[in-house]
Amino acid sequence: MEAKKLLEILSVAEQLKCRTRHCDTSSGRRESVAEHSWRVALMAMLMEDEFPDLDIDKVIRMCLIHDLGEAFTGDIPAFLKKSEDGEKEEAILERWVGDFPAPYNEEWLALLREMDSLETPEAKLYKALDNLEAVIQHDESDIASWLPLEYELQLTYGRDKVAFSPYLQGLKAEIDDWTRRKIAESQREN
């Protein structure tokens, strides 16, 4: 890839460092989209032994690029996002990636379509990790930053995405236990 195009792509991707998500970090500042994507990719790396038949490198690539559309649209929390928002983000991202030089454009478009269809084990794993990272981050944040609807959402978000894997179901159950302890602790303090 020519240097000028590479720098253009990296400049757009840099926006993920600037775009914040709905959730706070454990230090009390807003989490960036880039931080979320990085940790989802790290989670995928840590799953290699649990999913030996999957192409974990592909899952990591999915995790790294899954929110690139938010460089253009910003982050919309899952509980506020409408189908039109997702469609708009997807269309902008596909147009942007379509302008990449070959073979990157074909490879990335194929990856985005695989992610969107959620039919392959790799796509299912990426999506489950994306959801799980969000609930983990909420558990790490101060509960005072939670909206009332998030108390229940913490326990339901991602449950459907982990259904394909006993390992991920167990991980979600562990996260749910953490959530329940966090809620109970906050209620004792009040």
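This passage walks through the overall fold, the nonpolar core, a surface patch and the salt bridges of the structure shown above.

The structure is a predicted model, in which local features need pLDDT of at least 70 and side-chain atom pairs count only at pLDDT 80 or more, while totals for chains, interfaces and linings use all residues. Residues are numbered from 1 along each chain as its sequence is written, and side-chain values use heavy atoms, with hydrogens and water left out.

The chain is built from nine helices and two strands; these are DSSP runs numbered from the N terminus, with helices (H or I) of at least four residues and strands (E) of at least two. Read from the N terminus, the order of elements is α-β-β-α-α-α-α-α-α-α-α. Along the principal axes, the C-alpha atoms occupy a box of roughly 60 × 35 × 30 Å. The radius of gyration is 17 Å, which agrees with the value near 16 Å for a compact globule of 190 residues; this radius is taken over C-alpha atoms, and the globule rule is 2.2 Å times the number of residues to the power 0.38. Of contacts (heavy atoms within 4.5 Å) between residues at least 6 apart in sequence, 64% join residues at least 24 apart.

The accessible surface of the chain amounts to about 10,500 Å², and carbon and sulfur atoms account for 53% of this area. Accessible areas come from the Shrake-Rupley method with a 1.4 Å probe, and for residues only the protein chains shown count as cover. Of the 190 residues, 43% are buried, where buried means under 20% relative accessible area, exposed means over 50%, and partly exposed lies in between.

In soluble globular proteins, nonpolar side chains tend to be buried together. Here the largest nonpolar core holds 38 residues, and W96, L125, L129 and L168 have the most contacts inside it. Such a core is a set of buried Ala, Val, Leu, Ile, Met, Phe, Trp, Tyr and Cys residues joined through side-chain atoms within 4.5 Å. Helix 7 gives the largest share of the core, eight residues. Leaving aside residues up to four places away in sequence, L168 touches M47, F51, L125, A128, L129, L132 and V162.

On the outside, M1, L6, L7, L10 and Y104 make a nonpolar surface patch of about 460 Å². Patches consist of residues with over 30% relative accessible area and no salt bridge, nonpolar side chains (Val, Leu, Ile, Met, Phe, Trp, Tyr) being joined within 5 Å and like charges within 9 Å. Helix 1 (residues 3-18) contributes the largest share of the patch, three residues. L10 lies in this helix and is partly exposed, at a relative accessible area of 48%.

The structure also contains 14 salt bridges, each a side-chain nitrogen of Lys or Arg within 4 Å of a carboxyl oxygen of Asp or Glu. One of them pairs R21 with D67, whose closest N and O atoms are 3.8 Å apart. R21 sits in strand 1 (residues 20-24) and D67 in the loop between helix 3 and helix 4 (70-73), 46 residues apart. Both R21 and D67 are buried, and they belong to a network of salt bridges with E31 and D75. K58 pairs with E114, with 2.9 Å between the closest N and O atoms. Because K58 is in helix 3 and E114 in helix 6, this pair ties together parts 56 residues apart in sequence. K58 is partly exposed at 21% relative accessibility, whereas E114 is buried at 15%.

Definitions and conventions:
Buried < 20%, exposed > 50% of the residue type's maximum accessible area, 1.4 Å probe, protein only.
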